[in-house]
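User: I'd love a close look at one pair of neighbouring strands here, and then a walk outward to the sheet and the links around it. Could you take me through it in one go?

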Amino acid sequence: MCKLVDLESLILSTNSFFGQVPACFGWLKNLRTLDLSHNKFHGVLPDSLMRLGQLRELVLRGNLDLGGAIPSWLGNFSTSLEKLDLGFSSFHGQMPDSLFQSRSLKYLDFESNHLSGTIAEFSQPLMFLNLGSNSFSGTLPCYSAAAHSLKVLNLANNSIVGGIPTCIASLAELTHLNLSLNQLNSISPRLIFYEKLLVLDLSFNDLFGPLPAKIATTTDKSGLLLLDLSHNRFSGSIPLKMTELKSLQALFLSHNLLTGEIPARVGNLTYLQVIDLSHNTLSGSIPLTIVGCFQLLALVLNNNNLSGEIQPELDALDSLKILDISNNTISGEIPLTLAGCKSLEVVDFSSNNLSGSINDAITKWLNLKYISLARNKFTGNLPSWLFSFQAIQIMDLSGNKFSGFIPDGNLNVSFDFNNASYNGTRLPMESPEIQISVAVVGINELTFSYQLPSTVVIDLSDNLLRGEIPDTIFALRGLEYLNLSYNSLNGEIPNLEKMWSLRALDLAHNALSGEIPQNISSLRDLAVLNLSFNSFSGSVPKNESYKRFPGAFAGNPHLCLVEEGCDDGASQLAIPGRSFRGTNDEGPILAWVFCLSAVVSCYSSLMVLFCSAKTRRYIFHTKGSCCVCK
């Protein structure tokens with residue numbers, strides 16, 4: 001290949017070539033394009049490449065082990081070099097001065113390397129500059145030489161400090177600006193970008209003060225598509241001027257210190273597809289005008305102080321995929337009209353004051369993957385169709401007052417409940433975070449995606465459920481987390497041999513009986529087990545398998561922990577509260593014994609005292625003190 005001296009373009013991208021970059025490529029002096037991206041090359045760049053004096057494009061992106069110091073000749077070996085892309089590699093140190101002076105260079109990408117030094121000006125009219133995910137420091141330059149040429153500027157995930165200078169808004173051709181994940185601390189209210197700017201991402205900085213009233217000019221045909229000011233320290237209310245960005249398709253203002261109400265004029269943003277105002281201190285109700293954003297795919301308002309009720313008119317948002325209003329003080333019932341939101345896939349109403357029963361509107365959410373109604377005031381029986389959703393992955397109805405039986409039907413419908421696919425994701429002991437990502441493609445097109453935790457969950461804990469646990473639940477091969485604790489369930493636990501994926505099982509504080517299934521210890525992925533405070537009987541072998549679960553069997557008076565079978569008599573009664581040492585679960589048993597003895601002693605003492613008339617007179621004329629055992 002190196003003998004093809006007339007070769008002008010060599011593209012070997014997206015293969016599995018490994019080893020060092022061949023030094024003989026330097027013989028191909030007529031090369032205009034050399035693209036070795038997305039392979040497995042390692043080592044350093046051979047100096048022989050400096051002979052390629054006519055090269056216009058050098059693309060080595062995505063060779064993770066290709067690196068070392070950037071050669072000093074890289075910026076001046078070719079007077080024709082326009083594109084240099086070494087992103088997602090392992091280059092370190094500082095950029096050579098030659099790169100800042102290369103007159104022909106228009107496209108420079110060093111994203112995701114280990115470069116350092118002070119961020120500096122470039123003397124050439126660059127069109128594309130991506131230095132994201134490195135270790136550059138210093139303050140933000142103005143890039144004056146590229147004022148009429150620079151279209152994309154990405155300096156995200158570095159250590160840039162100070163304020164955002166107003167001169168950055170003079171980049172007249174700028175379409176994408178990403179300064180996220182730095183240490184920027186101020187933004188001037190006079191900073192107003194041109195209407196060509198499509199993407200502005202200032203998230204994950206230390207910006208404070210009020211939100212900019214007007215951050216970009218807009219026209220009927222152009223303007224911002226994506227604005228991300230999340231994860232800063234902005235305070236005050238959401239400015240009305242922000243609702244004039246009529247081209248806006250994604251608005252992220254989460255994780256700030258915003259107060260006040262959601263502006264009613266938000267309904268003017270008719271192109272809006274994603275709005276995330278979560279983790280602020282916003283108050284008032286969800287404005288009914290939000291239905292004007294009829295293209296909404298995600299409405300995320302969790303962790304605020306919102307109140308009022310869920311408006312029936314929200315059914316107009318028939319494209320909505322994600323609706324998260326959790327951790328507010330919203331009350332009332334789920335409106336039947338929400339059946340109109342047929343595209344819903346993620347619904348989180350947890351930690352509110354919602355009440356009533358689960359109505360049939362939910363059955364229309366055929367694509368439902370995640371639903372949480374946890375920590376509300378719902379009542380009534382669980383509907384027979386509860387497990388009928390084919391795509392359901394996480395169902396959390398814990399912390400309510402649901403009563404009756406767990407429905408025994410349709411449990412074989414869900415693909416995730418019945419297919420083992422564990423990939424190492426953490427257990428959802430807390431509310432899982434839903435990752436939403438958007439990207440602007442082309443001039444006015446936005447792509448939307450989200451990622452759920454891969455854990456498969458059923459959580460019906462802390463309710464008023466009774467009866468036996470359906471056998472079909474214990475046959476769900478894909479279920480990873482099952483929590484039915486703090487109910488009044490009875491009956492026995494069947495064999496768990498089909499629950500291959502089970503990683504957490506919590507059945508504590510019920511009235512379950514019978515023997516502990518012997519195959520529990522053979523579930524190799526099981527990390528959390530709690531069967532405490534039930535009425536289990538029989539023996540539990542004291543072996544290494546069960547020592548993984550300290551305190552898991554406490555509070556079962558008829559259960560014993562032995563090495564070889566159970567003895568009759570008192571030896572069984574000594575087991576509760578002492579399943580495994582070093583746990584806090586033995587506390588309730590010992591406390592009960594203490595309280596019983598204390599009450600008997602107290603009663604005996606009082607009887608003795610009250611037998612004396614002199615003692616009685618003293619007690620009745622003195623303020624008594626009372627001890628209460630709980």
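Analyst: Happy to. Let's begin with strand E42 (residues 535–541), which pairs with E43 in the parallel sense over five bridges. Within this pairing, Ser 539 faces Cys 560 of E43. Strand E43 spans residues 558–562 and is mostly covered, with four of its five residues buried. Please keep in mind throughout that this is a predicted model.

For the wider setting, the chain has six helices and 43 strands. Of its 630 residues, 50% are buried. Looking at contacts between residues at least 6 apart in sequence, 49% join residues at least 24 apart. The accessible surface of the chain amounts to about 28800 Å², and carbon and sulfur atoms account for 53% of that.

A second parallel pairing is worth setting beside the one we started with. Strand E10 (residues 114–118) and strand E12 (residues 135–139) pair in the parallel sense over three bridges. Here Gly 117 stands opposite Phe 136 in E12. Both E10 and E12 belong to an open sheet of eight strands, ordered E2-E4-E6-E8-E10-E12-E14-E16, in which the pairing is parallel. At its edges stand strand E2 (18–20) and E16; each has a single partner strand, so one side of each is left without a neighbour in the sheet. On average, neighbouring strands of this sheet are turned by 20° against each other, direction ignored.

Several loops that follow strands of this sheet carry cross-links, so to speak, and the disulfides are a good place to pick them up. The whole structure contains two disulfides. In one of them, the sulfur atoms of Cys 2 and Cys 24 are 1.9 Å apart. Cys 2 sits in the segment before strand E1 (9–11), while Cys 24 is in the loop between E2 and strand E3 (33–35), so this link joins distant parts of the chain, 22 residues apart. The link is right-handed, with 45° about the S-S bond. Cys 2 is buried, at a relative accessible area of 10%, whereas Cys 24 counts as partly exposed at 21%.

The other disulfide joins Cys 142 and Cys 167, with 1.8 Å between their sulfur atoms. Cys 142 is in the loop between E12 and strand E13 (152–154) and Cys 167 in the loop between E14 and E15, so the pair ties together parts that are 25 residues apart in sequence. This link is left-handed, with -75° about the S-S bond. Cys 142 is partly exposed at 21% relative accessibility, and Cys 167 is partly exposed with a relative accessible area of 21%. Two further cysteines are well worth finding on your display: Cys 293 counts as buried at 0% relative accessibility, and Cys 341 counts as buried at 1%.

Salt bridges add another set of links, and the structure holds eight of them. One is formed by the side chains of Glu 173 and Lys 196, at 2.9 Å from N to O. Glu 173 is in the loop between strand E14 (159–164) and strand E15 (176–178), and Lys 196 is in the loop between strand E16 (183–187) and strand E17 (199–201), which puts the partners 23 residues apart. Glu 173 is partly exposed at 23% relative accessibility, as is Lys 196 at 38%.

Another salt bridge brings together the side chains of Arg 233 and Asp 206, 2.8 Å from N to O. Since Arg 233 lies in strand E20 (residues 233–236) and Asp 206 in the loop between E17 and strand E18 (208–210), the pair ties together parts that are 27 residues apart in sequence. Arg 233 is partly exposed at 39%, and Asp 206 counts as partly exposed at 33%.

Glu 345 and Lys 369 also meet in a salt bridge, at 3.8 Å from N to O. Glu 345 is in the loop between strand E26 (331–332) and strand E27 (346–348), and Lys 369 in the loop between strand E28 (353–356) and strand E29 (370–372), so parts 24 residues apart in sequence are tied together. In this pair, Glu 345 is buried, with a relative accessible area of 10%, whereas Lys 369 is partly exposed, at 30%. Finally, salt bridges that share partners join Arg 61, Asp 85, Asp 109 and Glu 111 into one network.

Key. Residues numbered from 1 in each chain as written. Predicted model: local features only at pLDDT ≥ 70, side-chain atom pairs only at ≥ 80, totals over all residues. Heavy atoms only, no water. Salt bridge = Lys/Arg side-chain N within 4 Å of Asp/Glu carboxyl O. Helix = DSSP H or I, 4+ residues; strand = E, 2+ residues; numbered from the N terminus. Buried < 20%, exposed > 50% of the residue type's maximum accessible area, 1.4 Å probe, protein only. Pairing = 2+ DSSP bridges. Axes fitted to C-alpha atoms, helices over the stretch in contact; angles between N-to-C directions. Contact = heavy atoms within 4.5 Å. Areas by Shrake-Rupley, 256 points an atom, 1.4 Å probe, with all protein chains shown as cover. Disulfide = S-S within 2.5 Å.
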